[in-house]
Amino acid sequence: TLSAVTATPQCPPAGWETCSSAWPPPADGYCCSATGWLGSTAAHCSNINSLDECCSLNDEGRLTCVTECEEPPAVCTGDAAIDAVLLESKIGCKIGLIDSNEIYKWSGFCDALRSFNDLESDRRLFLGEGDMSTALGLSNIAGLLAQAMWESGGEAPFTACDENDYPPSSPTASCTQRSDGQLYHS
């Protein structure tokens, strides 16, 4: 008898790096043209189309892609109820803090959040108190993550090295301000 063998898709697809180092792609750029540009037109999609094996696009335009992620830490904030929601949701993976992201990781976010809240200071990420503490804490985490996603890459969150350069004055401006041009992460 023959048994069906299902190949695991290569995600991102082979050749994707000619258009972008970011994965998953933005919802309006799930195809990579032969000339190296992301887009969603027929011309873009005639070369590499992430919808073929790696991604799906729902009726509302939300793109969901195959990604590999680290297992989220059981303790992120130190609040058991909030940590249970974060662990179950695997939110880090869903927002782009995936294994292929060389700069940002979900565990790093959790470490930074706990370290910040452990400082001897009045400044803290408010994780809630009273009857609505879990909801308040999760709401504040969501707001912080949304801002961090925007400030670290906008439409391609968590792709900027450390700062944004508005308007772009150099392709590497967010990754170095050194006079010799060496990138911070090299």
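Visitor: How many disulfides are there in this predicted model?

Guide: Let me start with the general idea: a disulfide is a covalent bond between the sulfur atoms of two cysteines. In this predicted model, the count comes to 6 disulfides.

Visitor: Which cysteine does C31 join, and how far apart are the two sulfur atoms?

Guide: C31 is joined to C45, at an S to S distance of 2.0 Å. Because C31 belongs to strand β1 (residues 31-32) and C45 to helix α1 (residues 42-45), the pair ties together parts that are 14 residues apart in sequence. You can also look at the twist about the S-S bond: for C31 and C45 it is 90 degrees, and the link is right-handed.

Visitor: Are C31 and C45 buried or exposed?

Guide: Both C31 and C45 are buried.

Visitor: Let me try another pair. Where do C55 and C65 lie?

Guide: First, the bond itself: C55 and C65 form a disulfide with their sulfur atoms 2.1 Å apart. C55 sits in strand β4 (residues 55-57) and C65 in strand β5, so this disulfide ties together parts that are 10 residues apart in sequence. The link of C55 and C65 is right-handed, with 105 degrees about the S-S bond.

Visitor: And why do C55 and C65 count as buried?

Guide: The cut-off to keep in mind is that buried means under 20% relative accessible area. C55 has a relative accessible area of 8%, so it is buried. C65 counts as buried because its relative accessibility is 17%.

Visitor: Is the disulfide of C76 and C110 left-handed or right-handed?

Guide: The torsion about the S-S bond of C76 and C110 is about -90 degrees, so this disulfide is left-handed. The pair links distant parts of the chain, with C76 in the loop between β5 and α2, C110 in helix α4, and their positions 34 residues apart. Their sulfur atoms are 2.1 Å apart. Both ends are buried: C76 has 1% relative accessibility, and C110 has 0%.

Visitor: Now for links between charged side chains. How many salt bridges does a search of the whole structure find?

Guide: The search finds 2 salt bridges. To read one, look for a side-chain nitrogen of Lys or Arg within 4 Å of a carboxyl oxygen of Asp or Glu. E71 and K90 form such a pair, and their closest N and O atoms are 3.5 Å apart. This pair links distant parts of the chain: E71 is in the loop between β5 (63-65) and α2 (80-89), while K90 is in the loop between α2 and α3 (91-94), 19 residues apart.

Visitor: Why does E71 count as exposed?

Guide: E71 counts as exposed because its relative accessibility is 60%, and exposed means over 50%. Its partner K90, at 39%, counts as partly exposed.

Visitor: What is notable about the phi angle of K90?

Guide: Phi of K90 is near 50 degrees, a positive value in a residue other than glycine.

Visitor: Where do R114 and D111 lie?

Guide: Both R114 and D111 are in helix α4 (residues 106-118), 3 residues apart, which is about one turn of the helix. Their side chains meet in a salt bridge, at 2.8 Å from N to O. R114 has a relative accessible area of 25% and is partly exposed; D111, at 41%, counts as partly exposed too.

Visitor: Turning to the backbone, which residues does a cis peptide bond join?

Guide: Look at omega, the angle of the peptide bond: it is about 0 degrees for the cis bond that joins C11 and P12. You will find P12 in the segment before β1.

Visitor: How can I check the length of helix α5?

Guide: Set the expected span beside the distance in the model. At 1.5 Å a residue, the 19 residues of α5 (residues 133-151) should span 27 Å, and the end C-alpha atoms are 27 Å apart, which agrees.

Visitor: Which residues of α5 are buried?

Guide: The buried residues of α5 are S133, G137, I141 and L145. Looking down the axis of α5, you would see these buried residues within an arc of 90 degrees, so they line one face of the helix.

Visitor: What covers the buried residues of α5?

Guide: The cover includes α2 and α4. Helix α4 is already familiar from our tour, as it holds C110 as well as R114 and D111.

Conventions
Residues are numbered from 1 along each chain as its sequence is written. This is a predicted model: local features need pLDDT of at least 70, side-chain atom pairs count only at pLDDT 80 or more; totals for chains, interfaces and linings use all residues. Side-chain values use heavy atoms; hydrogens and water are left out. Helices (H or I, at least four residues) and strands (E, at least two) are DSSP runs, numbered from the N terminus. Buried means under 20% relative accessible area, exposed over 50%, partly exposed in between (1.4 Å probe, protein chains only). A disulfide is a pair of cysteine sulfur atoms within 2.5 Å. The expected span of a helix is 1.5 Å times one less than its number of residues. The arc is that of the directions from the helix axis to the C-beta atoms. Contact means heavy atoms within 4.5 Å.
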